[in-house]
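Work through the exercises below with the sequence and the 3D view open beside you, and try each task before you read its solution.

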Amino acid sequence: MKAILPGSAAAASDEPVILGEAAEPEPGEDELVVAVEAYSVNRGETFQLDGQLDRRWPGWRPGKDVAGTVIRAAADGSGPAVGTRVVAHPSAYGWAERVAVPASSVAALPDSVDAVTAAALPLAGITALRLLRAAGPLAGRRVLLTGASGGVGHYVTELAAASGAEVTAVSATADRGARLLELGAVELLTSVQEAEGPYDVVLESVGGDSLPAALAQLAPGGLLVWFGQASRTPVTLDFFDFFNGPDQGAIRHFDYTVSDSTYGQDLAALVRLVAAGRLHPEVGTVREWSRTAEVIGDLRARKVRGNAVLTVS
């Protein structure tokens, strides 16, 4: 079958990925096979492709966010039947014509949710749901969100605002963050240094100088949830800075893979919200999958707001 392969799979290729041939998926007892119609590209996958994250294994191919139709049901009887339209979150291999996915990582789609919209849900949507659970009840609380113009940030903003939070969003440019105001943010900033705390909760995903600057805006006893390091720059903290504002504040490391719920359960919740008009995926670009390398370049250059979705022809 056709699949998107890491560029290193082809000698003399300067592209991050190429369209080539791969073996058909071999599903386990609890896995079904999905004919992929659309997939989303995540920033973490671009880090894997350029070797910045050591999370590849022999034979690895990218692809964690897909939407399509079940063409082979799980042998153990779990999951949707053949012919069901689904959104799925495999561990990898989804940028292909077909992919095997655990039945527990799949949710059925209603007719009202198309494949492009659904493909934007898995990683970013699941991360947002679990991030807000980690933050705790938000009604009436002030929330500072950094790196807000990506897929996760758009979901967090809309879900947190709907929960009664007062969200201040930080985006590199006003243009990239404009949609956040429409989704419920009360304020859009282009620098953490512009923020006027204190904030009850800080959701930090940039790293570098951003985290200590955001921490300084945290209320005494508040919570900073550290869920990313998009800048790829390490963070330096000073113990004594806590006494200047966030006294007794807590920093919590966040790993979206750790949860009491399955990916499938959280995907089903996201699908229900989209179908009810309560969640609006921000799809910044939709292109045919032969242009995946081009999209990766645009993501690295921060030219895409929200999610980037590719359609499989």
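**Exercise 1. Find out which elements the buried residues of helix α8 pack against, and decide whether E294 is buried, partly exposed or exposed.**

Solution. Begin with the residues of α8 that are buried, namely T292, A293, V295, I296, D298 and L299. In this predicted model, these buried residues pack against the strands β1 (2-6), β2 (17-21), β3 (31-41), β14 (283-288) and β15 (307-311), and also against the helix α1 (43-49).

Next, turn to E294, which has its place in the same helix α8, residues 292-300. Buried would require a relative accessible area under 20% and exposed one over 50%; E294 has 35%, and therefore counts as partly exposed. The C-alpha atoms of E294 and E15 are separated by 8.9 Å, although these two residues are 279 residues apart along the chain.

Finally, look just past the end of α8, where R302 takes a positive phi of about 55°.

**Exercise 2. Work out at what angle helices α3 and α7 pack, and list which residues make the contact.**

Solution. Locate helix α3 at residues 122-135 and helix α7 at residues 263-275; their axes are 10 Å apart and the helices pack at an angle of about 95°. Angles from 65 to 115 degrees count as roughly perpendicular, and α3 is therefore roughly perpendicular to α7.

The second step is to list the partners: α3 contributes P122, G125, I126, L129, R130 and R133, while α7 contributes Y263, D266, L267, A269 and L270. Sorted by class, this contact of α3 with α7 has seven nonpolar residues, one polar residue and three charged residues. When you look at which residues of a helix face a partner, keep in mind that an α-helix has 3.6 residues a turn, so residues three or four places apart point the same way.

**Exercise 3. Determine how many residues of α3 are buried, and what L131 touches.**

Solution. Start with the helix as a whole: α3 has 14 residues and reaches 20 Å from its first C-alpha to its last, close to the 20 Å expected at 1.5 Å a residue. Of these 14 residues, 13 are buried, which leaves α3 mostly covered.

Then take one residue of helix α3, L131, as an example. L131 has a relative accessible area of 0%, and so it is buried. Leaving aside residues up to four places away in sequence, L131 touches V156, L203, V225, F227 and F254. One of these partners, F227, is 96 residues from L131 along the chain, yet their C-alpha atoms are separated by 7.8 Å.

Just after α3 comes G136, which takes a positive phi of about 85°.

**Exercise 4. Describe the largest nonpolar core, and say which element supplies its largest share.**

Solution. The largest nonpolar core has 50 residues, and the ones with the most contacts inside it are L138, V156, L203 and L279. Among the elements that each supply at least two residues of this core are α2 (115-119), α3, α4 (151-162) and β12 (218-226); the largest share, nine residues, comes from α3.

To see what surrounds one of these core residues, follow L279, which touches L121, Y155, E158, L159, L270, L273 and V274, not counting residues up to four places away in sequence.

Helix α4 deserves its own step: 10 of its 12 residues are buried, so α4 is largely enclosed by the rest of the structure. Its end C-alpha atoms are 17 Å apart, which agrees with the 16 Å that 12 residues should span at 1.5 Å a residue.

**Exercise 5. Find where Y93, Q248 and P198 lie, and say what is notable in the backbone at each place.**

Solution. Recall that most residues other than glycine have a negative phi, and most peptide bonds are trans.

Y93 lies in the loop between β5 (85-88) and β6 (98-102), and its phi is near 75°, a positive value in a residue other than glycine. Q248, in the loop between β12 and β13 (250-253), also has a positive phi, of about 65°, although it is not a glycine. Y93 is partly exposed at 27% relative accessible area, whereas Q248 counts as exposed at 68%.

P198 is found in the loop between β10 (187-189) and β11, and the peptide bond from G197 to P198 is cis, with omega near 10°.

Technical notes. Residues are numbered from 1 along each chain as its sequence is written. This is a predicted model: local features need pLDDT of at least 70, side-chain atom pairs count only at pLDDT 80 or more; totals for chains, interfaces and linings use all residues. Side-chain values use heavy atoms; hydrogens and water are left out. Axes are lines fitted to C-alpha atoms, for helices over the stretch in contact, and angles run from 0 to 180 degrees between N-to-C directions. Helices (H or I, at least four residues) and strands (E, at least two) are DSSP runs, numbered from the N terminus. Angles under 35 degrees count as roughly parallel, over 145 as roughly antiparallel, 65 to 115 as roughly perpendicular and the rest as oblique. Contact means heavy atoms within 4.5 Å. Ala, Val, Leu, Ile, Met, Phe, Trp, Tyr, Cys and Pro count as nonpolar, Asp, Glu, Lys and Arg as charged, and the others, Gly among them, as polar. A nonpolar core is a set of buried Ala, Val, Leu, Ile, Met, Phe, Trp, Tyr and Cys residues joined through side-chain atoms within 4.5 Å. Buried means under 20% relative accessible area, exposed over 50%, partly exposed in between (1.4 Å probe, protein chains only). The expected span of a helix is 1.5 Å times one less than its number of residues.
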